[in-house]
Amino acid sequence: ASDASVGDQVKHEIIGIDPGAGLMKQTAQALKDYDLKDWKLVEGSSAAMTAALDKAYKAKKPIIVTGWTPHWMFAKYDLKYLSDPKGSYGQDEQIHTVVRTGLSKDAPSAYAMLDRFEWTPEEMAVVMSAVADGKKPEEAAAAWVKDNAAKVDAWVKDLAQDNGKKLKLAYVAWDSEIASTNVVKTVLEQKLGYTVEMLQVEAGPMWAGIADGSADAMVAAWLPTTHQDYLEKYKGKFEDLGPNLNGTKLGLVVPSYMTIASIEDLK
Ligand code: PBE
């Protein structure tokens with residue numbers, strides 16, 4: 001142990017993710033709210049963030065990352081959120097399903113299935129952890145669909161097959177959305193006969209694609225706070241089918257072996 005401040009120990013760096021993520025904007029806001037002038041938010045990706053966390057954790061070194069729930073990292077490592085007394089990371093929100101206008105007319109069965117799709121953080125965790133352990137996302141999703149037949153059947157009950165019709169699902173390579181998008185793709189293909197293409201993009205293009213109709217649907221809209229900017233920018237140009245998952249959280253995350261407890265402790 002050393003007497004260096006936590007800031008010195010981590011070189012005043014917070015390990016971020018992709019720049020389009022709402023979490024990055026909220027973290028930039030947190031740096032202002034808590035007056036953390038000499039801190040830097042490092043841009044990267046979800047994969048780079050979890051790789052940095054893994055490396056630091058194994059060496060028992062200090063690290064501060066931008067994190068969110070649901071995420072497999074909380075099962076794999078002993079971690080904690082820093083408390084956020086100023087509320088920079090917002091209040092309760094949900095993950096929503098958002099589709100392009102006109103989808104209900106063009107692909108009614110897909111629209112109905114997407115409207116019914118909802119699951120729990122625990123269910124999502126099964127797929128996410130399998131992927132984190134090295135399974136291919138499409139295989140992890142197929143296994144989950146097989147093991148959860150009753151739930152999946154309710155999503156597609158009485159819906160007509162729409163054989164051969166093509167659909168595009170937009171998503172960002174966030175671990176949670178890799179899991180959900182692969183499950184929805186599997187169900188649309190296996191149970192309703194669609195041919196589904198997954199478009200991996202950044203958050204801005206994901207919303208833009210739904211708004212301009214170049215993508216059909218996404219299950220990756222964190223509302224009302226995290227994607228508020230996108231929501232306002234594309235207002236009236238998409239259809240919000242409501243929450244598909246309840247029980248999210250965002251913030252700064254550190255290994256439990258670090259003694260700090262609050263964002264205020266970074267000052
Ligand atoms: N996330 C995961 C995203 C939404 C899903 C929290 C990293 C974001 O911050 O936009």
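Is A141 buried or exposed? I started there and found A141 buried, because 25 other C-beta atoms lie within 10 Å. The cut-offs I used: 20 or more other C-beta atoms within 10 Å of a residue's own is buried, 12 or fewer is exposed, anything in between is partly exposed, and C-beta atoms are placed from the backbone.

Ground rules before going on. I am looking at a predicted model, where local features need pLDDT of at least 70, side-chain atom pairs count only at pLDDT 80 or more, and totals for chains, interfaces and linings use all residues. My residue numbers run from 1 along each chain as its sequence is written.

Confidence check. The protein chain has a mean pLDDT of 97 (the predictor's confidence in each residue, from 0 to 100). I also noted that 99% of its residues reach 70 or more. For the complex, the predictor gives an ipTM of 0.96 and a pTM of 0.95.

Back to A141. I placed A141 in helix α8, residues 137-147. Helices here are DSSP runs of H or I with at least four residues, strands are runs of E with at least two, and both are numbered from the N terminus. Leaving out residues up to four places away in sequence, A141 touches V127, N182, V183 and T186. Contact means C-beta atoms, placed from the backbone, within 7 Å. I also checked T195: 54 residues from A141 in sequence, and 16 Å away in space, C-alpha to C-alpha.

Next door in sequence, A142 is in α8 too. I had to call A142 partly exposed, because its C-beta neighbours inside 10 Å number 19. Between the C-alpha atoms of A142 and Q29 I read 39 Å, with the two positions 113 residues apart along the chain.

Helix pair. α8 packs on α10 (residues 175-192) at about 65°, and the axes are 8 Å apart. Those axes are lines fitted to C-alpha atoms, for helices over the stretch in contact, with angles from 0 to 180 degrees between N-to-C directions. From α8, I listed P137, E138, A141, A142, W144 and V145; they meet I178, N182, V183, T186, V187 and Q190 of α10. By class, that contact has 8 nonpolar, 3 polar and 1 charged residues. The classes are Ala, Val, Leu, Ile, Met, Phe, Trp, Tyr, Cys and Pro as nonpolar, Asp, Glu, Lys and Arg as charged, and the others, Gly among them, as polar.

Which residues are around the ligand? I found I17, A21, G22, L23, W68, W174, S176, E177, A203, W222, T226 and L250. Two or more residues of this shell come from each of α2 (22-33) and α10. To be near the ligand, a residue needs its C-beta atom, placed from the backbone, within 6 Å of it. The shell splits into 8 nonpolar, 3 polar and 1 charged.

Backbone oddities. I saw a cis peptide bond between T69 and P70, with omega about 5°. P70 is in the loop between β3 (65-69) and α4 (73-76). The bond from L223 to P224 is cis as well, with omega near 10°, and P224 is in the loop between β8 (217-223) and α12 (228-233).

H12 is not a glycine, yet its phi is positive at about 55°. I put H12 in the loop between α1 (6-9) and β1 (13-15), and it counts as partly exposed because there are 16 C-beta neighbours inside 10 Å. D35, also a residue other than glycine, has a positive phi near 60°. D35 lies in the loop between α2 and β2 (40-42) and is exposed, since 10 other C-beta atoms are within 10 Å.

Terms used. Two residues are in contact if their C-beta atoms, placed from the backbone, lie within 7 Å.
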